[in-house]
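Trainee: Could we go through this protein together before I write my notes? I would like to begin with a pocket and work outwards from there.

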Amino acid sequence: MHDTEPQSAGGKVLWHFLMSLDGFVAGPGHEMDWMAGFSVRPGLHREYIDTTGAVLGGRDGWDVVNNSRPYGGAWQGPIFVLTHHPDDATPADDVTFLSCGPAEAVRIGLEAAGGKNLEVFSPTIGRQLLELGLIDEIDLHIAPILLGEGIRLYDNPGGAPIRLHRLGEDDPMSVVNVRYRPTTAKIPAGTPRAAH
């Protein structure tokens, strides 16, 4: 099963990640090297590059990717990093460090996006925005890998479950079926990443 429909620029707040089958969007310490070696349908990255007007992320992730641009540098635009400590952040071109609530960060990001989508690249901020009702769409690319540990997409122990409706023409409550076989193949060093 591939994506249900091409991504469009509709001024959405889009929580977007490549995710491992066991629910991690980064390895321990926000490590991202595991993303190498996966393929996506032709044109998918271009859709996101063309429909993204701004990016909102968190400080922990930013401190790891520092100065790295989304989509291998093919996307250019404003990046907003939400942080409690903007004074000790390392400045970078087109990056604004915000010290405000997540709802205000979304308002600022959507304004800067100019009618295109605001992509949220932070599990913590995404969870907060979901709780505030400010996420329009969750867009995941599930990679055939089990990490076993790292940063989860949604980590909310003790919180109530949140039901989702799958987009597309099928039953929005149907489960998604995936089938994999284990492999012993190693990911070659220097293989490009599949997503942001």
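Mentor: Let us begin with the second largest pocket, whose volume is about 800 Å³. Keep in mind as we talk that this is a predicted model.

Trainee: How many residues line the second largest pocket, and which lie nearest its centre?

Mentor: The lining is made of 40 residues, and those nearest the centre of the second largest pocket are Gly57, Gly58, Arg59, Gly61 and Ser122. The elements that give two or more residues to this lining are the strands S2 (24–26), S3 (52–58), S4 (79–82) and S8 (151–152), together with the helices H2 (59–65) and H4 (123–131).

Trainee: And how do the lining residues divide into nonpolar, polar and charged?

Mentor: In the lining of the second largest pocket, 20 residues are nonpolar, 13 are polar and seven are charged.

Trainee: How does anyone find empty space in a set of atoms?

Mentor: A probe the size of a water molecule is rolled over the atoms, and this shows where empty space is left.

Trainee: Okay, zooming out, how many helices and strands are there in the protein?

Mentor: The protein has four helices and eight strands, and if you read along the sequence you will find them in the pattern β-β-α-β-α-β-β-α-β-α-β-β.

Trainee: What share of the residues is buried?

Mentor: Of the 196 residues in the protein, 39% are buried. As for the surface, the accessible area comes to about 11300 Å², and carbon and sulfur atoms account for 51% of that.

Trainee: What about contacts, how much comes from residues far apart in the sequence?

Mentor: If you take the contacts in the protein with a separation of 6 or more, 75% of them are between residues 24 or more positions apart.

Trainee: Let me pick a helix, then. Which residues of H1 are buried?

Mentor: In H1, the buried residues are Leu44, Glu47, Tyr48, Ile49 and Thr51, and what covers them includes strand S1 (13–20), S3, strand S6 (117–120) and strand S7 (137–143).

Trainee: Why does threonine 51 count as buried?

Mentor: Threonine 51, which belongs to helix H1 (residues 44–51), has a relative accessibility of 7%, and it counts as buried because buried means under 20%. A polar atom of the threonine 51 side chain also lies 2.7 Å from the backbone oxygen of glutamate 47.

Trainee: Switching to strands, what does phenylalanine 80 touch?

Mentor: Phenylalanine 80 is in strand S4 and is buried, at 6% relative accessibility. Setting aside neighbours within four places in sequence, phenylalanine 80 is in contact with Ala54, Val55, Leu56, Gly57, Thr96, Leu98, Ile108, Gly109 and Ala112. Its C-alpha atom is 4.9 Å from that of threonine 96, although the two residues are 16 residues apart along the chain.

Trainee: Now the prolines. Is proline 70 buried or partly exposed, and what about proline 144, buried or partly exposed?

Mentor: Proline 70, in the loop between H2 and S4, counts as buried at 6% relative accessibility, whereas proline 144, in the loop between S7 and S8, counts as partly exposed at 47%.

Trainee: What do those two touch, leaving out residues up to four places away in sequence?

Mentor: On that basis, proline 70 touches Val55, Trp75, Ile79 and Phe121, while proline 144 touches Phe38 and Tyr180. For distances along the chain and in space, the C-alpha atoms of proline 70 and phenylalanine 121 are separated by 9.6 Å, with their positions 51 residues apart in the count along the chain. Proline 144 and proline 182 are 38 residues apart in sequence and 9.1 Å apart in space, C-alpha to C-alpha.

Trainee: One last thing, what is the phi of tyrosine 71?

Mentor: Phi of tyrosine 71 is near 60 degrees, which is a positive value in a residue other than glycine. Aspartate 94 likewise has a positive phi near 60 degrees, and aspartate 94 is not a glycine either.

Trainee: Where are tyrosine 71 and aspartate 94, and how accessible is tyrosine 71 and then aspartate 94?

Mentor: Tyrosine 71 is found in the loop between H2 and S4 and counts as buried, at 9% relative accessibility. Aspartate 94 is in the loop between S4 and strand S5 (95–98), and with a relative accessible area of 48% aspartate 94 is partly exposed.

Note on methods: Residues are numbered from 1 along each chain as its sequence is written. This is a predicted model: local features need pLDDT of at least 70, side-chain atom pairs count only at pLDDT 80 or more; totals for chains, interfaces and linings use all residues. Side-chain values use heavy atoms; hydrogens and water are left out. Buried means under 20% relative accessible area, exposed over 50%, partly exposed in between (1.4 Å probe, protein chains only). A polar contact is a pair of N or O atoms within 3.5 Å; within protein, one must be able to donate a hydrogen and the other to accept it, and residues adjacent in sequence count only if both atoms are side-chain atoms. On a 1 Å grid over the protein atoms alone, a cavity is a set of points where a 1.4 Å probe fits but cannot get out, and a pocket is an open set with protein on both sides within 12 Å along at least five of seven lines; lining residues have an atom within 4 Å of a point. Grid points are joined across faces, edges and corners, and a volume is the space filled by probe spheres set on the points. Ala, Val, Leu, Ile, Met, Phe, Trp, Tyr, Cys and Pro count as nonpolar, Asp, Glu, Lys and Arg as charged, and the others, Gly among them, as polar. Contact means heavy atoms within 4.5 Å. Accessible areas come from the Shrake-Rupley method with a 1.4 Å probe; for residues, only the protein chains shown count as cover.
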